[in-house]
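Here is a short report on the pockets of one protein model and on a helix that lines one of them. Please look at the structure first.

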Amino acid sequence: MERENGKKMKILCLHGFRTSGSFLKKQISKWDPSLFTRFDMEFPDGKYPAGGKSDIEGIFPPPYYEWFQFEKDFTVYFNLEECISYLCEYITANGPFDGFLGFSQGATLSALLLGYQAQGKVLKDHPPIKFFISISGSKFRDPSICDVAYKDPIKAKSVHFIGDKDWLKLPSEDLASAFDKPLILRHPQGHTVPRLDEVTTNQLRNWINEEVLCQPKVDVSVIENGKDHEKENRDENAV
């Protein structure tokens, strides 16, 4: 789908903790490439160089980045406000963006921006972000953040990938509950961007077509041998 100005819709893709935009791009490349052919996708690096060991060392080359820092219980954060300002400036300068896609820390941060924008705290002059693809995301736990970002159900269309073996499974479910009518897609893997089977790929494709691109759902059961029998019935009834 194109915007009125003829350009593709844009998705801002935010990587996980101590990885990089290039790594998230590689992770998403495991998915059927036809899912995102109608979008422009940007994969920026986090604001800060990784402050410690990365889980992808030896798997994917450095440098690695992080968006902000936090204490283990995830209730105290460092450089979060600076990160939010950095991203808002990036979005304003490189947008407008129509949607977010994020993994782990990137998904958590994306959801925060959506909640803050809905409450008029950030991106006041940017069009509302319409949709969100969350992979292993979670809520912030600081009450002063929660009372604003998740005050009301977030209206952006959202799909949430939740892994059965993910250590963030329950927090991911909690994040999904912050959204209005979320689609939850479960997978048997852990804390990762999952490989998608045919069923899940089609579920995501249908969600993109119907909720994001606003295309009517096609009932494949009425299309056989190259014939649209539903259309034939309409034509017969019109005679």
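The report takes the two pockets in turn, then the helix.

This is a predicted model.

**Pockets**

| Pocket | Volume | Nonpolar lining residues | Polar lining residues | Charged lining residues |
|---|---|---|---|---|
| Largest | about 610 Å³ | 9 | 10 | 5 |
| Second largest | about 200 Å³ | 3 | 3 | 6 |

The largest pocket has 24 lining residues. Phe17, Asp55, Ser104, Trp167 and His191 lie nearest its centre. Helices H1 (21-28) and H3 (105-118) each give at least two residues to this lining.

The lining of the second largest pocket includes Lys155, Lys157, Asp180, Lys181, Glu210 and Glu211. Pro182, Leu183 and Trp207 are also among its lining residues. Strand S9 (157-163) and helix H6 (198-212) each supply at least two residues there. The largest share, 5 residues, comes from H6.

**Helix H6**

How far apart are the end C-alpha atoms of H6? They are 20 Å apart, which agrees with the 21 Å that its 15 residues should span at 1.5 Å a residue.

At the N-terminal end, aspartate 197 caps H6. One of its side-chain oxygens lies 3.3 Å from the backbone nitrogen of valine 199. Cysteine 214 follows H6 and has a positive phi, near 55°.

Which residues of H6 are buried? They are Thr200, Thr201, Leu204, Trp207, Ile208, Asn209 and Val212. Their cover includes strands S1 (9-14), S2 (39-42), S8 (131-135) and S10 (183-187), along with S9. Trp207 is thus listed twice: as a buried residue of H6 and in the lining of the second largest pocket.

Definitions and conventions
Residues are numbered from 1 along each chain as its sequence is written. This is a predicted model: local features need pLDDT of at least 70, side-chain atom pairs count only at pLDDT 80 or more; totals for chains, interfaces and linings use all residues. Side-chain values use heavy atoms; hydrogens and water are left out. On a 1 Å grid over the protein atoms alone, a cavity is a set of points where a 1.4 Å probe fits but cannot get out, and a pocket is an open set with protein on both sides within 12 Å along at least five of seven lines; lining residues have an atom within 4 Å of a point. Grid points are joined across faces, edges and corners, and a volume is the space filled by probe spheres set on the points. Helices (H or I, at least four residues) and strands (E, at least two) are DSSP runs, numbered from the N terminus. Ala, Val, Leu, Ile, Met, Phe, Trp, Tyr, Cys and Pro count as nonpolar, Asp, Glu, Lys and Arg as charged, and the others, Gly among them, as polar. The expected span of a helix is 1.5 Å times one less than its number of residues. Buried means under 20% relative accessible area, exposed over 50%, partly exposed in between (1.4 Å probe, protein chains only). Contact means heavy atoms within 4.5 Å. A polar contact is a pair of N or O atoms within 3.5 Å; within protein, one must be able to donate a hydrogen and the other to accept it, and residues adjacent in sequence count only if both atoms are side-chain atoms.
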